[in-house]
Each structure stands twice: as structure tokens, then as C-alpha cells.
Amino acid sequence: MSSLPILALLLLLAYRTLPAQGYPIDYITLIKEMRDLLNQTPVLPKGDLQTEDIFILQNKNFLRTNLEKFLEAAENFKNKTEQIMKILPEFRTVLPTASSTEDSISIDENDWDDFRRKLKKYLDSLLKFVRAKISV
């Protein structure tokens, strides 16, 4: 038996999660990985996010600008966000360019809980966007 069919099968299995559009990255798995990282650090929650923050985090028009804000804010928490900082830039390739940055999310400087809560909500929106993109 030739090893060529086995190699082809292995390659097929390795790329089984590729969406129809040919995205080379499994974005859903990356989002789940970031959620797991955010849940590792126990913190006392401050309460619910404000309505305006939720709107900005869930609005698909702000996905790209919010991504940039989270990348910028992650610099304040390098010891906690090293892996997240490696994952987040991967989404630049699938998010549309923002028309404006004036309505992007505001993250309190050096407030890990604020960063964590808002990033979790943002990841929900990002997951919804990615799933819609994949199913098209």
C-alpha cells in the first residue's frame, strides 16, 4: 500500500476545520482559548457592564476598532495577557476596516477586571461575526 493516500488523508484531517472561504485559521477555537485564559485568573466582579459599553462591544461596525483598543490595553497587563496578545492580532485579517474610531470601547487603564469583562463581551460579538462569516 502506498503511503501517498495515507498522507493525503492526514492532510485532509489536519485541515478539516477550514471554512468554505478557505480561512486558514480556526477562529472559533482561538476565541474559546482566549475565554479560557480570561477565566483562569479569579477576580471579584465589579458588576454588569454599562449599556453603552455593551452596545459598542456588540456592534459589528466597531469590531475592528475595539480589537485595536484591546490590543493597546493589553500592554498594561503583559503578565496576564501574553497569550491573548498573540491571538488577538489574528483577527485583523477577517474584520472589516472601521469607518470611525470615535465610538470604540474605553478600557480603564490598569484595571484588569474592566479589561477582562469587556473582552469577554467582545469575544461574544467576535464569535457571532466569525460564525456568520463562515456560514456565508
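This passage looks at how helices 3 and 6 meet, at the buried side of helix 5, and at one valine in a loop, all in a predicted model.

Two packed helices are described by the angle between their axes and the distance between the axes. For helix 3 (residues 51–58) and helix 6 (residues 112–135), the axes come within 8 Å of each other and cross at roughly 40 degrees. Helix 3 is therefore oblique to helix 6, and the crossing of the two is right-handed. On the helix 3 side, the contact is made by Asp53, Ile54, Leu57 and Gln58, which meet Lys118, Lys121, Tyr122 and Ser125 of helix 6. Sorted by class, the contact of helix 3 with helix 6 has 3 nonpolar, 2 polar and 3 charged residues.

Helix 5 (residues 78–87) offers a neat view of a helix with two faces. Its buried residues are Thr81, Ile84 and Ile87. Because these residues cover an arc of only 80 degrees around the axis, they lie on the same side of helix 5. The face turned away from that buried side carries Asn79 and Glu82, both of them exposed. Among the elements that cover the buried residues of helix 5 are helix 2 (27–40), helix 4 (63–74) and helix 6.

Turning to the loop between helix 5 and helix 6, this is where valine 94 lies. With a relative accessible area of 8%, valine 94 falls under the 20% cut-off and is therefore buried. The C-alpha atom of valine 94 is separated by 8.7 Å from that of lysine 133, although the two residues are 39 residues apart along the chain.

Key. Residues are numbered from 1 along each chain as its sequence is written. This is a predicted model: local features need pLDDT of at least 70, side-chain atom pairs count only at pLDDT 80 or more; totals for chains, interfaces and linings use all residues. Side-chain values use heavy atoms; hydrogens and water are left out. Axes are lines fitted to C-alpha atoms, for helices over the stretch in contact, and angles run from 0 to 180 degrees between N-to-C directions. Helices (H or I, at least four residues) and strands (E, at least two) are DSSP runs, numbered from the N terminus. Angles under 35 degrees count as roughly parallel, over 145 as roughly antiparallel, 65 to 115 as roughly perpendicular and the rest as oblique. A crossing is left-handed if the near helix is turned anticlockwise from the far one by less than a right angle, and right-handed if clockwise. Contact means heavy atoms within 4.5 Å. Ala, Val, Leu, Ile, Met, Phe, Trp, Tyr, Cys and Pro count as nonpolar, Asp, Glu, Lys and Arg as charged, and the others, Gly among them, as polar. Buried means under 20% relative accessible area, exposed over 50%, partly exposed in between (1.4 Å probe, protein chains only). The arc is that of the directions from the helix axis to the C-beta atoms.
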